[in-house]
Amino acid sequence: MKFLLVDDHALIREAVRGVLKELDDGAMIFEASRWSEAARLLGEHSDLALVLLDLGLPDRDGFAALQEARTHHPRIPVVILSASCARDHVVKALDLGAVGFIPKSGEREVMLSALRLVFSGGVYIPPEILSRSEPLPAAPAPSTAPGRRPEGPAPASPTDLGLTARQVDVLALMMRGKSNKAICRILNLAEPTVKNHVTAILKALKASNRTEAVIMVGALGWVLPQIEG
């Protein structure tokens, strides 16, 4: 597998390089300390398995870099590495299409587990974010505080909320940061159908937007289908 590691701190790159080698001993790891270098490497290697992106780059705002990567290379997943674990940063990164947010302060085993989850098709959200009670920056849903489970027992599975098999497929792709258009292509569905499924999913979860849904499903720990695409 090919990885791109974007961080301006050599010691961080060395530590993450070791984690990636533990995941795949034969991994080919490209490194960049600036976004200008990273953008060039992204253009040269369309078969990258993953980009690990620091938010604190010297030549580009990290969120702008993330948005550029997702716009120009939508098939390459991006995980954020950050010294900050602020809730609004996590939410913004997920909104922009990141498939994970890994604090640099985390233990090596935490990073390994996070990357394994991403490679299995999941989205990694720091547990401390899931356990906080403060609301998300988005507008709250009327009956449930954003990012929190509905009152009463937590649903054990998507079917407990009345989601159909196709809606579960859509949810699985939402958890991977896929846009409606990408979901249409992968599942061979019309865009209005996908929009209806997304609306039904948000209503079932009592979430007011996709990011809230991702955070809530991450907290619930559901095992969703792995779909190629």
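1. Let's start with Arg 185, which sits in helix α8. Keep in mind as you look around that this is a predicted model. Is Arg 185 buried, exposed or something in between? Its relative accessibility is 44%, so Arg 185 counts as partly exposed; the cut-offs that matter here are under 20% for buried and over 50% for exposed. Also check its C-alpha atom against that of Gly 229: the two residues are 44 positions apart along the chain, yet these atoms are separated by 8.5 Å.

2. Now take in the whole of α8, residues 180-187. Which of its residues are buried? They are Asn 180, Ala 182, Ile 183, Cys 184, Ile 186 and Leu 187. That makes six of eight, so the helix is largely enclosed by the rest of the structure. The cover over those buried residues includes α7 (165-174), α9 (191-205) and α10 (210-220).

3. Step off the end of α8 and you meet Asn 188, in the loop that leads from α8 to α9. Asn 188 is not a glycine, but its phi is positive, at about 60°. Why point that out? Most residues other than glycine have a negative phi. With 70% relative accessibility, Asn 188 counts as exposed.

4. Lys 206 is another one to click on. You'll find Lys 206 in the loop between α9 and α10, and here too a residue that is not a glycine has a positive phi of about 60°. Its relative accessibility is 37%, so Lys 206 counts as partly exposed.

5. Next, helix pairs. Two packed helices are described by the angle between their axes and the distance between the axes. For α7 and α9, the axes come within 9 Å and cross at roughly 85°, so this pair is roughly perpendicular. On the α7 side, the contact is made by Arg 166, Gln 167, Val 170, Leu 171 and Met 174. From α9 come His 197, Val 198, Ala 200, Ile 201 and Leu 202. Sorted by type, the residues of this contact are seven nonpolar, two polar and one charged.

6. Now try α2 (residues 35-44) with α3 (residues 62-72). How do their axes meet? They come within 11 Å and cross at roughly 10°, so α2 and α3 are roughly parallel to each other. Trp 35, Ala 39 and Leu 42 of α2 touch Ala 65, Glu 68 and Ala 69 of α3 to make the contact. In this contact there are five nonpolar residues, no polar ones and one charged.

7. On to the inside of the protein. The largest nonpolar core has 58 residues, and the members that touch the most others are Leu 4, Val 51, Leu 53 and Leu 205. Another core, of 19 residues, lies apart from it; Val 16, Val 19, Leu 52 and Tyr 124 are among its members.

8. Finally, zoom out. The protein has ten helices and five strands. Of its 229 residues, 47% count as buried. Where do its contacts with a separation of 6 or more come from? Residues 24 or more positions apart account for 66% of them. As for the outside, the accessible surface comes to about 10,800 Å², and carbon and sulfur atoms hold 52% of that.

Key
Residues numbered from 1 in each chain as written. Predicted model: local features only at pLDDT ≥ 70, side-chain atom pairs only at ≥ 80, totals over all residues. Heavy atoms only, no water. Core = buried A, V, L, I, M, F, W, Y, C linked by side-chain atoms within 4.5 Å. Buried < 20%, exposed > 50% of the residue type's maximum accessible area, 1.4 Å probe, protein only. Helix = DSSP H or I, 4+ residues; strand = E, 2+ residues; numbered from the N terminus. Contact = heavy atoms within 4.5 Å. Areas by Shrake-Rupley, 256 points an atom, 1.4 Å probe, with all protein chains shown as cover. Axes fitted to C-alpha atoms, helices over the stretch in contact; angles between N-to-C directions. Parallel < 35°, antiparallel > 145°, perpendicular 65-115°, else oblique. Nonpolar A, V, L, I, M, F, W, Y, C, P; charged D, E, K, R; others polar.
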